[in-house]
Amino acid sequence: MSVQCNLILDSCCDLPRSVIEREGVALIQFPYMFGEEQHLDDMFASFPPEDFYERIRKGGQPSTAQVPIPVLQQAFTRAAQSGVPTVYLAFSSGLSGTFATAQLIADQVREEYPEAELHLVDTGLASIAEGLLVYEALRQRERGLSASQLAQWAQEAKFYVNCLFMVDDLDCLARGGRLPSVGAYLGSKLDVKPLVSFDLEGHLSMSGVARGRKKAMKQIVEACASGMNVDGGQTVIAASADAAKDLRKMIDMLIKENPAAVVVESSIGPVIGSHVGPGMVALVWWGADRRERLSISDRIARKVKGE
């Protein structure tokens with residue numbers, strides 16, 4: 001079946017570059033900085049992840065920014081001019097203002113090119129959680145979904161992406177305002193490792209705690225092995241921020257628990273890595289609908305808001 005649409009992705013999906021390098025797929029690169037040095041997240045095409053994280057270990061403090069407006073304008077204009085219906089799968093609006101800006105730019109492009117079919121999807125996910133959605137979206141695209149169908153698929157499928165990750169230094173997340181302060185306190189004062197995931201609005205949320213790194217790794221593996229939805233596929237994406245040995249241990253543990261798991265290995269990219277620092281490990285899998293975990297009061301609130 002022929003491909004009926006193009007995709008625009010962003011570098012925060014943290015997939016291996018070889019996965020997304022295919023015809024009809026464009027990549028938007030997020031910027032990051034080391035002091036006055038400006039870089040683009042090219043998914044470690046320019047240098048290995050070990051070099052990036054070693055620089056942090058030696059005291060470097062990278063910062064990040066939204067995708068510049070001209071980059072979005074260029075990507076959407078090219079999509080419109082191509083005449084091919086296009087879907088943009090975007091980094092969580094709960095962690096960046098880029099998606100809101102992209103919506104404004106897309107509206108301007110549609111005014112200039114009224115015939116253009118451009119769909120924007122806020123994945124509500126980041127890093128390899130976003131990556132798992134992208135990974136399957138690429139497959140669905142090749143199976144023949146149209147742009148509108150693929151956008152509808154992504155809007156629903158994102159709630160079935162389950163993930164857990166652990167970072168070595170929670171202070172970096174707390175400094176960026178991306179983790180509740182209680183999480184950083186627990187990690188630094190009580191010698192526990194908070195396990196972090198995403199809420200339905202695309203913000204980081206604490207999903208549990210473990211005493212020490214080894215137990216945290218074990219809990220992540222157990223959650224993945226027990227939570228994998230066979231009907232949703234056996235693909236698992238595993239990644240680390242320059243913690244290859246620990247990631248290998250987790251993958252081996254997972255395969256032992258579930259020999260059918262198909263593991264795709266990757267590295268946490270420089271934009272996400274700027275906020276999590278070295279040592280992060282993560283697993284992402286297709287599992288239960290995350291909306292079903294809402295408390296009764298939250299379900300009522302969402303119903304009242306018409307969500």
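**Exercise 1. Determine how many residues of strand 11 (residues 235-240) are buried, and identify the strand joined to strand 11.**

*Solution.* Step 1: 6 of the 6 residues of strand 11 are buried, so that the strand is mostly covered; buried means under 20% relative accessible area, exposed over 50% and partly exposed in between, with a 1.4 Å probe and protein chains only. Strands (E, at least two residues) and helices (H or I, at least four) are DSSP runs numbered from the N terminus.

Step 2: Thr 235, Ile 237 and Ala 239 point one way, Val 236, Ala 238 and Ser 240 point the other way, and all are buried.

Step 3: Strand 11 is joined by 6 bridges to strand 12 (residues 262-267), and the two run parallel. Two strands pair if DSSP finds at least two bridges between them. Opposite Ile 237 stands Val 264 of strand 12.

*Basis of the values.* The model is predicted: local features need pLDDT of at least 70, side-chain atom pairs count only at pLDDT 80 or more, and totals for chains, interfaces and linings use all residues. Residues are numbered from 1 along each chain as its sequence is written, and side-chain values use heavy atoms, with hydrogens and water left out.

**Exercise 2. State the order of the open sheet formed by 3 strands, and name its edge strands.**

*Solution.* Step 1: The order is 4-3-5, with antiparallel pairing.

Step 2: Strand 4 (37-40) and strand 5 (63-64) are the edge strands, each pairing on one side only.

Step 3: Strand 3 (residues 31-34) pairs with strand 5 over 2 bridges in the antiparallel sense. Met 33 has Ser 63 in strand 5 as its bridge partner.

**Exercise 3. Describe the surroundings of Asp 122, and find its nearest side chain of opposite charge.**

*Solution.* Step 1: Asp 122 belongs to strand 7 (residues 118-122).

Step 2: Asp 122 is buried yet has no salt bridge; Lys 158, the nearest side chain of opposite charge, is 5.5 Å away. A salt bridge requires a side-chain nitrogen of Lys or Arg within 4 Å of a carboxyl oxygen of Asp or Glu. Lys and Arg count as positive and Asp and Glu as negative, while His and the chain ends are not counted.

Step 3: A polar atom of the Asp 122 side chain lies 3.0 Å from the backbone nitrogen of Gly 124.

Step 4: Beyond neighbours within four places in sequence, the contacts (heavy atoms within 4.5 Å) of Asp 122 include Phe 91, Phe 99 and Lys 158.

Technical notes
A polar contact is a pair of N or O atoms within 3.5 Å; within protein, one must be able to donate a hydrogen and the other to accept it, and residues adjacent in sequence count only if both atoms are side-chain atoms.
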